[in-house]
Amino acid sequence: MPATCVVGLQWGDEAKGKIVDLLCDRHDVVVRYQGGANAGHTVVVGGVTYKLSLIPTGILRPGVDCVVGNGVVVHPPAMLSELEAIASRGLEVEGRFHLSDRAHLIFPYHLAEERLTEESASASDHLGTTRRGIGPCYRDKVGRVHGVRVAELLHPKPFRERLERIVAYKNRLLGAMLADFTPFSARSIADEYLAYGERMRPYICDTVGLIHSALAADRRVLFEGAQGSLLDVDHGSYPYVTSSNSSAAGIASGAGVPARQIERSIGVVKAYTTRVGGGPFPTEQNNEVGERIRQVGREYGTVTGRPRRCGWFDAVATRRAARVSGSTEIAVMLLDVLAGLEELKVAVAYEIDGKRSTELPASIIDLEKAVPVYETLPGWSEPITGVKTWQGLPRDARRYVEFLSEQMGLKVSIVSVGPDRDQTILTGF
Ligand code: GDP
Ligand code: IMO
Ligand code: MG
């Protein structure tokens, strides 16, 4: 059975959670393949709000299996408390939540390492991360010497021995860098993590085998992206990115499922653009337009509460993201937020050092210099949060969505006009 993926095409928070939730009634398995608790996916069902971070959004639908794949980085206390919070809302977890034995573990020293760089005196060294230990954990994973997989929690003696060596190394490193550093105790971390391991034991399995068996049994598998394609470590605005392949490119490595299995790749975009943390953002509006979008769209981070930076839709960057993620269609989200703006702008090209380009430059030096070339479209004044059909949208709202579709060279299959599951229009084009 071919699979589907839902991937953000901007800098995260495109409302992927809402789309995954919407599609869950037609899927049997939902898989997270990268990232960790840096993600914050908000879903509103019948006025009730759910916030998910590391656990796939499919957990909200009874009967759907949820998988945290090998490409994810897991902070066990964060994962266990999220599972507890989900269970306390009456949702079944046992038997349908599965954690890869190959996923990597985030330890307290990763959080300390991240604080070190994020609080560095040199402003140019800050990335504005979510401080969930994501970068340092992935760094240890690719560095190999200090990476620890979930499966190691099931072998206490070698786990304790390895942790002794790793913690001794980290203590030396952090002790040299920090003035008032209290060394970590390998033994207390090992005690704590082995206890987590016992609680996680029922969920731990070979998720690659599980997903392939599901596909072979014609179960419908949905891959849930976290972050967005412009935060992809290879394809995004490096170094202001996350540490994983957050485009659809990450599915093959992070879940062990080859790209050819993905038949439907839904690229999720906001009708405008937001970004949290540092990094270039050519269409940013540091003015009343940006402020208005932030207030109407409630653009504050789910994980950190930081105000999101807001700006116009950037067709140059988003087109690139759609190509990398193999998008077969797009979902245009938060269209309602633009109601009342007299005119709307869309960046269709950049001018860099006087030269026009429709490609995303490799270097942030060029991206920071990029002056967007805008097309201006008329806005609409009526609120649209109650609109249920494509034809029911104001003409200029339809025109705006059609323009995005033309710019992206992709059909728009879904338009969202509010956070709730039923504030969704299936366009049919
Ligand atoms: P994700 O990380 O991609 O899942 O997105 P987030 O959940 O971080 O951010 C999207 C926010 O927009 C959430 O608060 C959603 O409840 C909200 N949202 C989703 N769709 C719409 C929409 O069409 N209109 C409005 N106004 N809000 C929406
Ligand atoms: P969802 O899944 C928006 C951003 C951070 C920072 C950069 C690196 O909700 O869309 P990290 O902690 O990953 O090392 O931070 O990436 N970032 C996100 N921005 N949505 C997210 O997730 C994000 N996850 C990370 O703000 O700029
Ligand atoms: Mg989010």
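Q: Why does leucine 341 count as buried or exposed in this predicted model?
A: Its relative accessibility is 10%. Buried means under 20%. Leucine 341 therefore counts as buried.

Q: What is leucine 341 in contact with, beyond its neighbours within four places in sequence?
A: Arg292, Trp312, Gly379 and Trp380. Contact here means heavy atoms within 4.5 Å. Leucine 341 itself sits in the loop between strand S15 (329-333) and strand S16 (343-352). Tryptophan 380 is 39 residues away from leucine 341 in sequence, yet their C-alpha atoms are 6.8 Å apart.

Q: What makes Asp13 and Gly40 donors to the magnesium ion (ligand 3)?
A: Asp13 (OD) and Gly40 (O) coordinate the ion at 2.0 to 2.1 Å. The cut-off for N, O and S donors is within 2.8 Å of the metal, so both count. The pair links distant parts of the chain, 27 residues apart. Aspartate 13 is in the loop between strand S1 (3-8) and helix H1 (16-23), and glycine 40 in the loop between strand S2 (29-32) and strand S3 (41-45).

Q: Why is glycine 40 called buried, but alanine 15 partly exposed?
A: Glycine 40 has 12% relative accessibility. That is under 20%, so glycine 40 counts as buried. Alanine 15 has 22%, which lies between the 20% and 50% limits, so alanine 15 is partly exposed.

Q: What makes the phi of alanine 15 notable?
A: Its phi is positive, about 85 degrees, although alanine 15 is not a glycine. Most residues other than glycine have a negative phi.

Conventions:
Residues numbered from 1 in each chain as written. Chains lettered and ligands numbered in written order. Predicted model: local features only at pLDDT ≥ 70, side-chain atom pairs only at ≥ 80, totals over all residues. Heavy atoms only, no water. Donors = N, O, S within 2.8 Å, 3.2 Å for Na, K, Ca; no water. Helix = DSSP H or I, 4+ residues; strand = E, 2+ residues; numbered from the N terminus. Buried < 20%, exposed > 50% of the residue type's maximum accessible area, 1.4 Å probe, protein only.
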